[in-house]
Amino acid sequence: MTEFLSLQNRVAVVTGGAQGIGRAIVELLAQRGASVMVADLTAEKAEGAAQEIAAQTGCKVVAHSVNVADSASAKAMIDSAVEQFGKVDILVNNAGITRDNLIMRISEADWDAVLDINLKGAFNCSQAVIRSMMKQHYGRIVNLSSVSGVSGQAGQTNYSSSKAGLIGFTKALAKEVGSRNITVNAVAPGFIETRLTVNLPQEIKDISLKLTPMGRFGKPEDIAYAVAYLVSEEASFVTGVTLQVDGGMVM
Ligand SMILES: NC(=O)c1ccc[n+]([C@@H]2O[C@H](COP(=O)([O-])OP(=O)(O)OC[C@H]3O[C@@H](n4cnc5c(N)ncnc54)[C@H](O)[C@@H]3O)[C@@H](O)[C@H]2O)c1
């Protein structure tokens with residue numbers, strides 16, 4: 001019998017996989033037996049993470065440099081994964097940025113950068129992989145949304161829009177490809193301790209903690225566990241959902 005939540009013989013691509021939540025996802029998918037491509041902005045960053053995780057898990061973990069906002073770069077990433085592994089079963093659209101500011105102060109460049117990376121990036125990578133997933137009649141796509149996309153967050157009109165957009169994207173694509181045995185889901189983290197959140201003002205951290213019934217901030221592993229379930233064989237009847245992993249912050 002196969003082990004529960006095993007990812008033996010599966011191939012995964014994780015964008016933004018070199019640090020934070022993405023790295024925790026790469027580590028867990030590799031521990032479950034998957035071969036993984038760590039795709040991130042620079043080759044050096046991705047390479048360091050890939051080497052360490054390959055050594056820890058004994059699994060095949062390779063690095064690739066990608067800018068998900070660029071469709072040609074996203075396509076080259078998927079082509080390279082198919083060339084090295086023969087297929088891609090799992091895509092985790094995790095790469096994301098913030099450029100927080102009040103609406104009066106958000107520049108057009110900061111609006112565009114957030115939407116281009118967070119939302120268009122998921123579109124670019126999903127579009128690049130979908131044909132091969134349809135052909136093989138198997139696929140798992142997970143998009144990293146946020147509670148900011150569910151409830152909205154002052155100072156984050158750009159980020160909240162991108163993350164809410166990802167929820168709509170997830171549902172639309174889930175309906176489009178379900179008949180091909182491809183599931184598409186989103187995970188909406190609450191406040192997770194990573195480099196993305198480390199420099200937030202203490203006041204925001206205090207408010208976030210107060211709003212979290214579980215009484216603590218999340219860890220990258222909390223999100224990785226949810227992703228590992230959604231990409232598993234066992235989650236084959238779960239599609240179009242947004243799983244909030246937020247310690248109860250938004251309900
Ligand atoms: N940390 C949190 O509290 C939190 C909460 C909700 C949602 N999220 C989401 O989870 C995801 C991961 O967040 P994190 O906290 O680990 O962030 P992080 O900043 O620690 O890591 C993000 C990674 O994405 C990479 N990246 C950025 N732009 C890219 C691009 N154009 N192409 C490829 N890679 C790119 C970065 O190099 C980095 O390695 C993001 O989508 C984020 O919005 C995080």
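User: How many residues surround the ligand, and which are the closest?

Analyst: Happy to help, and keep in mind that this is a predicted model. Around the ligand there are 27 residues. Helix 1 and helix 7 (195-198) are the elements that give two or more residues to this shell. The closest residues are G16, G20, G96, T194 and L196.

User: How do the residues of the shell around the ligand divide into nonpolar, polar and charged?

Analyst: Glycine counts among the polar residues here. With that in mind, the shell around the ligand divides into 14 nonpolar, 11 polar and 2 charged.

User: Where do the buried residues of helix 2 lie around the axis?

Analyst: Let's start with the helix itself: helix 2 covers residues 43-57 and reaches 21 Å from its first C-alpha to its last, close to the 21 Å expected. Its buried residues are A46, A49, A50 and I53. Because they cover an arc of only 100° around the axis, they lie on the same side of helix 2.

User: Which elements do the buried residues of helix 2 pack against?

Analyst: The other side of helix 2 has E44 and A55, which are exposed. The buried residues of helix 2, in turn, pack against helix 1 (20-31), strand 2 (35-40) and strand 3 (61-65).

User: Is N181 buried, partly exposed or exposed?

Analyst: N181 sits in the loop between helix 6 (157-177) and strand 6 (182-189). Its phi is positive, near 65°, though N181 is a residue other than glycine. A buried residue needs 20 or more C-beta neighbours within 10 Å, and an exposed one has 12 or fewer. N181 has 14 inside 10 Å, so it counts as partly exposed.

How values were computed. Residues numbered from 1 in each chain as written. Predicted model: local features only at pLDDT ≥ 70, side-chain atom pairs only at ≥ 80, totals over all residues. Helix = DSSP H or I, 4+ residues; strand = E, 2+ residues; numbered from the N terminus. Expected span 1.5 Å × (residues − 1). Arc of directions from axis to C-beta. Contact = placed C-beta atoms within 7 Å. Near = placed C-beta within 6 Å.
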